[in-house]
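Me: I have a model open on my screen and would like a close look at a single part of it. Could you walk me through the site around the ligand?

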Amino acid sequence: MSTNLPDALAEYAEIVFLAPEKCKFSMTAGGFLALEYGEDKFPVVSAYRSFPLTLGDKYISIRDDKEKEIGIIVDLADFSSDQANLVRAELERRYFTPVVETVVKMKEEFGYIYWEVITDRGPRRFTSRGQHDSIVPVSDTRILILDVDGNRFDVPDVRLLDAKSAKLLESLM
Amino acid sequence: MSDIAALFLSAGKNIETVLDGETVHAKILHDVSLDGRYIEGWVYVTPTRVIVTLGDQVTKEMPITAAKSYKTLGLIGSGQLEADVDGTPIILARFNLRQMPLYANAVKFLNKVASGAETPFYTEVEERTCPKCGRIYPDESRICPACINRRQVVKRLMKMAFPHWKLIFVVTLLFWLRAGLNLINPQLFRIFIDEVVAPGQADVRLFVFYISLITLLGPVGQSVCDMTRSLVVTRLSAQLGQDLRNMVYCKLQALSLNYVSKRKTGDLMNRVNNDTGTIQSFIQQQLVSVINDGLMLIGIGTILFITNWQMALMVLVPAPLVMFIMRRAWSTFDRRYHRQWRLSDRTNSLLQDILSGMRVVKAFGQEKREIERFTRYSKRWADVTAANERFYNTFFPLLGFLMGTGSYLLLWRGGVEIWQGEMTLGGLVQYSTYAGMIWGPLRNFTFMPRWFSQAMTAAERVFEILDEHPDVDDKPNAKRVKIAGRVQLEHVYFGYRSYEPVLLDICVDVAEGEMIGLVGHSGAGKSTFINLVCRFYDPDEGRILIDGMDVRDIQQSDLRRQIGVVLQEPFLFSGSIYENIAYAKPDATASEIIRAAKIANAHDFIMRFRDGYDTKVGERGQRLSGGERQRISIARAILHDPRILILDEATASVDTETEQLIQDALAKLVKNRTTFAIAHRLSTLRNANRLFVFEKGKIVEMGTHEDLYNQGGIYRKLVDAQMDLFRMRETSLSAVKE
Ligand SMILES: Nc1ncnc2c1ncn2[C@@H]1O[C@H](COP(=O)(O)OP(=O)(O)O)[C@@H](O)[C@H]1O
Ligand SMILES: [Mg+2]
């Protein structure tokens with residue numbers, strides 16, 4: 001693994017990059033992810049994204065049940081598709097972020113916004129605090145919507161929404 | 001494995017069949033499937049079982065005792081309920097974060113049953129939706145903006161306004177006067193035109209009289225009236241606003257730390273300042289204009305219709321259209337100006353960022369990039385502002401034209417009537433003046449519902465605080481006592497949020513005058529222990545006794561007066577050093593203050609300041625180093641002369657040399673007082689009588705430094721780890737020297 005740190009410092013940055021061929025992920029009966037890494041067996045591991053907003057499937061930290069880092073997956077694309085899918089399912093569980101496909105209704109009332117949306121996980125109604133607290137711009141075209149409880153909804157590209165949804169969202173941006 | 005397979009034995013059966021009439025403690029929505037789709041499923045908790053369904057079909061069922069323990073896990077955007085079956089964790093259900101408190105509450109019950117508690121009972125928690133309309137409460141308050149009982153709120157505001165009835169009376173009089181003046185002027189105009197300057201009339205005295213009268217009652221009278229009125233109204237609303245602010249502030253002081261820390265500081269500040277401000281400006285501006293406008297509309301309307309109802313209808317032809325457009329345009333305006341405001345806000349904070357980070361910017365040579373970034377923002381701001389101006393400047397003239405159409409109709413009809421001799425010239429002037437006066441009030445009425453509902457919501461949010469019941473409250477028979485200093489905790493459990501225990505089954509008995517060192521990793525619960533002793537919070541279970549008396553039976557103010565606290569980040573109020581030392585004892589004499597400062601090793605550095613003890617500190621004042629602030633706060637504690645002393649990482653943020661001075665000061669302070677000291681550097685706790693070692697909310701070791709060190713347990717490990725660190729530093733230092 002090459003990093004851009006000056007060589008003299010490299011020895012201090014002890015990152016374990018997980019070698020795809022040594023990893024064997026599986027799903028436990030309880031619904032958790034398990035990992036066999038070479039000789040080592042981890043009955044329950046979890047996966048954390050290092051850059052959840054920008055580099056979704058890259059730099060995934062795999063941690064044991066004490067939250068100690070076992071190592072980092074540089075890119076899920078380096079894994080076989082079954083293995084990658086197991087990890088993706090685990091990531092999906094940790095970062096539950098439905099993607100908004102249509103904004104059916106958005107009513108601003110009393111300083112709160114009442115939403116009715118259709119997401120890739122099904123239809124949903126939720127309430128968010130005024131626009132400043134509930135709309136997080138990630139890039140020029142992507143936003144996250146946070147509801148009052150901290151649930152998240154992703155709008156990956158505002159330009160790809162239908163005209164009506166885009167117009168409703170536009171009014172908040 | 002067989003245990004897990006047993007979970008699914010009833011899968012597919014109907015919930016009623018599986019429940020078989022057993023009581024249901026809770027039925028909680030689980031609305032996310034294990035593979036991440038929205039579903040409608042339920043988790044049933046009965047006295048003996050947990051049952052998970054999808055709709056009314058059971059998917060999992062287990063006896064509560066089949067698992068060792070249960071827990072909730074908050075993930076990003078969802079949460080899950082887990083059971084630990086023979087060391088194998090199992091996900092029972094996933095749900096959106098709204099359900100978290102409900103599940104956490106259920107878990108408390110489940111764990112009690114699982115651990116074989118004798119009489120587990122299920123405590124209900126409230127849902128956070130409005131029972132009336134089903135809307136989710138938008139914030140931590142329990143106020144549904146849609147269902148506020150407006151009449152109740154108005155009544156309450158009026159009650160608060162009552163003490164100011166004299167001012168209100170004056171204001172009312174001024175309103176009537178102002179409306180009267182408004183209405184009378186067109187009348188005078190008519191007489192002037194028809195009778196004073198009509199052809200054939202040349203009475204100069206009458207002419208002068210009318211001109212003076214019109215001027216006096218018109219511009220002069222109206223201005224005087226407006227000026228007095230706004231003076232009086234401002235005074236009234238300022239008084240009301242201040243009343244409200246004071247009430248909220250006093251209430252906040254009375255409420256427990258728990259209440260205050262549960263909410264965001266911003267939210268509370270909002271309620272103290274913005275909400276009371278909204279109410280104040282509502283009274284000051286909108287309410288005033290509504291009363292005024294109401295009177296005017298009624299007055300003018302009556303006159304218009306009585307004088308000539310056909311013409312009155314003509315004036316009103318464009319009214320519905322105009323009001324409709326104004327209402328629609330409002331949201332566009334709001335949005336546009338909000339956007340402009342936000343961009344300006346962002347540009348400003350960017351500028352502030354760059355200016356205050358100037359050293360970093362320059363050090364890394366990033367000036368050019370910062371200039372580009374700023375230019376980009378500032379250009380966007382300028383563009384939006386220009387667009388808004390264009391919008392504003394086209395929209396209003398058009399609207400004006402529309403409103404004017406009524407007057408053209410009026411001129412046409414009025415002209416005809418004059419020709420026919422049915423109306424005089426003065427009559428027409430009077431009529432069209434009245435007609436022009438109707439638009440202002442009409443416009444304000446369009447916006448009224450919005451203003452009103454904003455003010456009502458603000459008032460309700462303020463009232464909510466006023467009605468809050470302090471959860472660390474003085475009992476009515478709480479006593480004032482002189483504390484000797486014995487402190488006992490009996491089976492104390494506590495968590496800041498009910499579903500996250502921070503302290504578990506703490507039992508200690510500390511003798512009067514004993515010095516206790518609290519050690520453990522950060523997050524172990526040391527500060528929380530101290531918060532309970534100070535009674536900033538009450539334990540969830542168990543008791544805290546001081547001198548054998550439950551702290552809940554001691555008046556809080558009395559208790560705190562006898563407990564002194566020195567924290568890691570000493571807080572100094574804006575004010576002089578003198579005031580800060582004397583904070584807990586405002587009547588202290590100057591020599592007492594100096595003595596306290598001397599004991600705290602603070603006197604000498606204070607005397608080096610040009611203004612000595614009068615030196616201003618705090619936000620705008622003299623900058624003090626961490627060690628200096630600490631010594632001032634120690635002087636404060638010394639003057640306070642508490643029976644129980646608490647030192648929470650008092651020396652953590654100072655250099656070694658100052659630390660010696662502070663240690664020295666603290667050693668004097670600790671004598672003869674019950675002391676609880678938390679210190680990161682364990683060496684500073686050497687002279688403690690006993691040490692309590694905290695780990696994950698429990699006290700796991702207890703004893704003197706020697707005992708614990710020789711025992712070779714957790715404490716030994718902590719000490720050795722620090723020694724290693726110390727040695728490492730020494731060697732690396734000497735390495736550098738060589
Ligand atoms: N005001 C608070 N609200 C919620 N959780 C808190 C609060 N203060 C502390 N905690 C949590 O309680 C636990 C114990 O904290 P604390 O008593 O401050 O530990 P220590 O002082 O030993 O470092 C930590 O997990 C911390 O996150
Ligand atoms: Mg602490």
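How far from an oxygen atom of ligand 1 does a backbone N or O atom of B:K526 lie?

Reply: Happy to help! This is a predicted model, in which local features need pLDDT of at least 70 and side-chain atom pairs count only at pLDDT 80 or more, while totals for chains, interfaces and linings use all residues. Residues are numbered from 1 along each chain as its sequence is written, chains are lettered from A and ligands numbered from 1 in the order in which they are written, and side-chain values use heavy atoms, with hydrogens and water left out.

Now to your distance: a backbone N or O atom of B:K526 lies 2.8 Å from an oxygen atom of ligand 1. The residues B:S527 and B:T528 also approach ligand 1, through polar side-chain atoms: that of B:S527 is 2.6 Å from a ligand oxygen, and that of B:T528 is 2.4 Å from one. Taken alone, ligand 1 exposes 560 Å², and the protein buries 62% of that (accessible areas come from the Shrake-Rupley method with a 1.4 Å probe).

Around ligand 1 you will find B:Y496, B:V502, B:H521, B:S522, B:G523, B:A524, B:G525, B:K526, B:S527 and B:T528, each with a heavy atom within 4 Å of the ligand. This shell divides into 3 nonpolar, 6 polar and 1 charged residues. In that count, Ala, Val, Leu, Ile, Met, Phe, Trp, Tyr, Cys and Pro are nonpolar, Asp, Glu, Lys and Arg are charged, and the others, Gly among them, are polar.

Notes
Polar contact = N/O pair within 3.5 Å; in protein donor to acceptor, adjacent residues only side chain to side chain.
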